[in-house]
Amino acid sequence: MTMDPLFQKAAEVSKQHPKPDIKFSYGTAGFRALADNLDSVMFRMGLLAVLRSKAKNGQVIGVVVTASHNPVHDNGVKLVDPFGEMLQPSWERHASELANAQDVAEVLRGVVTEHSVDWNVPAKVFIARDTRPSGKQFVQALVEGVEALGGSHQDYGVLATPQLHYMVRCANTAGEYGEATEEGYYHKISKAFLHLRSLSGKTDVPVIKLDGANGVGALKIKEMAQHLNGTLSIWVCNDGSTGKLNEKCGADFVKLHQCAPEGMVITPGDRCVTFDGDADRVLYFYFNKENKFCLLDGDRIATLMVGYLKDKLDKTGVSLERGLGIVQTAYANGSSTSYAESTLGVPVACAKTGVKHVHHKAEEFDIGVYFEANGHGTVLFTKDVVDKMKAIVQDSDASTERHKAAEKFLSMVDLINQTVGDAMSDMLVVETILYEKGWSLDDWGAAYTDLPNRQRKVTIKDRTVIKTTDSERKTTAPEGLQEEIDKLVAGYKSARSFVRPSGTEDVVRVYAEADTREAVDSLAREVSQIVYDLAGGIGERP
């Protein structure tokens, strides 16, 4: 069937997936909403995935049905581009237009025209979902969308989000990145982990208590554990057998409330890890000898990885044109930035909040480490640095420190899922580094002391009145707001504060840091009040 009759057929089938009276917007994490409202969006994203695949010369496009750390009654969907990365920003507009369209065929025609899509190119789509009850029916809607435009699909069933990203990259690199199966994922990562373990010369087995957020990560870490040959003892809590997805558990809950999740029995010194609902975020935490909760967040993970990679670079003597760098957002704790620059001697770049922004910025380095404070991040490596390390392994004596450092570096490249933040992969990276250093979580936490920080949100009439610059660290509108924030910050020691509009709702997010908990609570409250007063706050004043 030729293009236009197919579009008419898609428009007809679309009537079986009626659109609710809601305006949808494709953000950094794709679409997110109450599951009851998403059937039409799922069908239409099946259509868009076919067009995207054709526009990318028939490369596989991924579609993940997930709402990550959101409550179980929500769901969402996002598209994955050919290299396993987030959907190209210019296509986010098409996603939003198609999700909201009255005339589906008209939008499809517009996309084909704008991108000169060759209709004779076959399209292929990979699909996966998290553990939400609504996921199965949404996959069916997606499949109907793919088939309506004559595309083919492969349904992987329940997967962690990073696993689907991995599959897409494997498929589009002819297996160079790995095998595009779940078993292939476990094999590649566990092989690299076990090789690094064998190079350590040690045999003790760390014990981990893992909060699986009652989500897909709890299922998949049990699969991964079977490939680790008993080198880690992983106790999975909140595994979905009793509690609800992300309810009083998971990485977002632990980060936001600065406390342990429910569903875990923890004693001081226990090594604790938490995933989010779709297993693309990971955080560590523990209780110290005084029984005080201590969080090791994405900033900590990034600096740990940067320190390890810099050590291997220094030992090999490899020189790089664009070097090793760390990418943070404005939410990164000021102490982590100072530690990276002053103690580790590694440049820090700042990007706007959102994985697509930090990922893009990290590509500017030969080795780009990025983590958001929420635990979502990874490391990107250029072919140049990998080739140089391979040359050292091939040409040097295996007994030399230089050879060993290059060998470890290359295994670390295989251990890291470069497509997107991956809770399982990142956890095994952290475990490898702590094992080599002989560090406990207390030792890791002692590297630097976080400045006390606080996040608040202020509800306003219209979030678009807030305009920002300098990677969201300064406001340019409304007039006078930044000057007032600067005055407040000047009244506290080691302080900073910034505000930014939410990407999805009419609220302003307020972040503050200062030298004491009392000071930061006061600063966050005062900045929230200024935002309320100058940006059209509604409801009760903070």
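## The listed binding site

An unreviewed UniProt entry lists a "binding site" in this protein. Its residues are Glu 372, Ala 373, Asn 374, Arg 500, Pro 501, Ser 502, Gly 503, Thr 504 and Arg 509. The structure here is a predicted model. Two of the listed residues, Arg 500 and Thr 504, are described next.

## Arg 500 and Thr 504

Arg 500 sits in strand E18, which covers residues 496–501. Its relative accessible area is 11%. Buried means under 20%, so Arg 500 counts as buried.

What surrounds Arg 500? Leaving aside residues up to four places away in sequence, Arg 500 touches Tyr 331, Thr 353, Thr 468, Glu 472, Val 507, Val 508 and Arg 509. With Tyr 331, the side chain of Arg 500 also makes a polar contact of 3.2 Å. Arg 509 is itself on the UniProt list.

Thr 504 lies in the loop between E18 and strand E19 (507–513). Its relative accessibility is 68%. Exposed means over 50%, so Thr 504 counts as exposed.

## Helix H4

Helix H4 spans residues 104–114. Its buried residues are Val 104, Ala 105, Val 107, Leu 108, Val 111 and Val 112. Viewed down the helix axis, they fall within an arc of 165°, so they line one face of H4. Glu 106 and Thr 113 are exposed, on the face turned away from the buried side. The cover over the buried residues includes helices H1 (3–14), H2 (39–55) and H3 (89–100).

Now the two ends. At the start of H4, a side-chain oxygen of Asp 103 comes to within 3.3 Å of the backbone nitrogen of Ala 105. After H4 comes Ser 116, with a positive phi near 45°.

Methods
Residues are numbered from 1 along each chain as its sequence is written. This is a predicted model: local features need pLDDT of at least 70, side-chain atom pairs count only at pLDDT 80 or more; totals for chains, interfaces and linings use all residues. Side-chain values use heavy atoms; hydrogens and water are left out. UniProt positions are given in the numbering used here, feature names are shortened, and annotations may be inferred rather than shown by experiment. Helices (H or I, at least four residues) and strands (E, at least two) are DSSP runs, numbered from the N terminus. Buried means under 20% relative accessible area, exposed over 50%, partly exposed in between (1.4 Å probe, protein chains only). Contact means heavy atoms within 4.5 Å. A polar contact is a pair of N or O atoms within 3.5 Å; within protein, one must be able to donate a hydrogen and the other to accept it, and residues adjacent in sequence count only if both atoms are side-chain atoms. The arc is that of the directions from the helix axis to the C-beta atoms.
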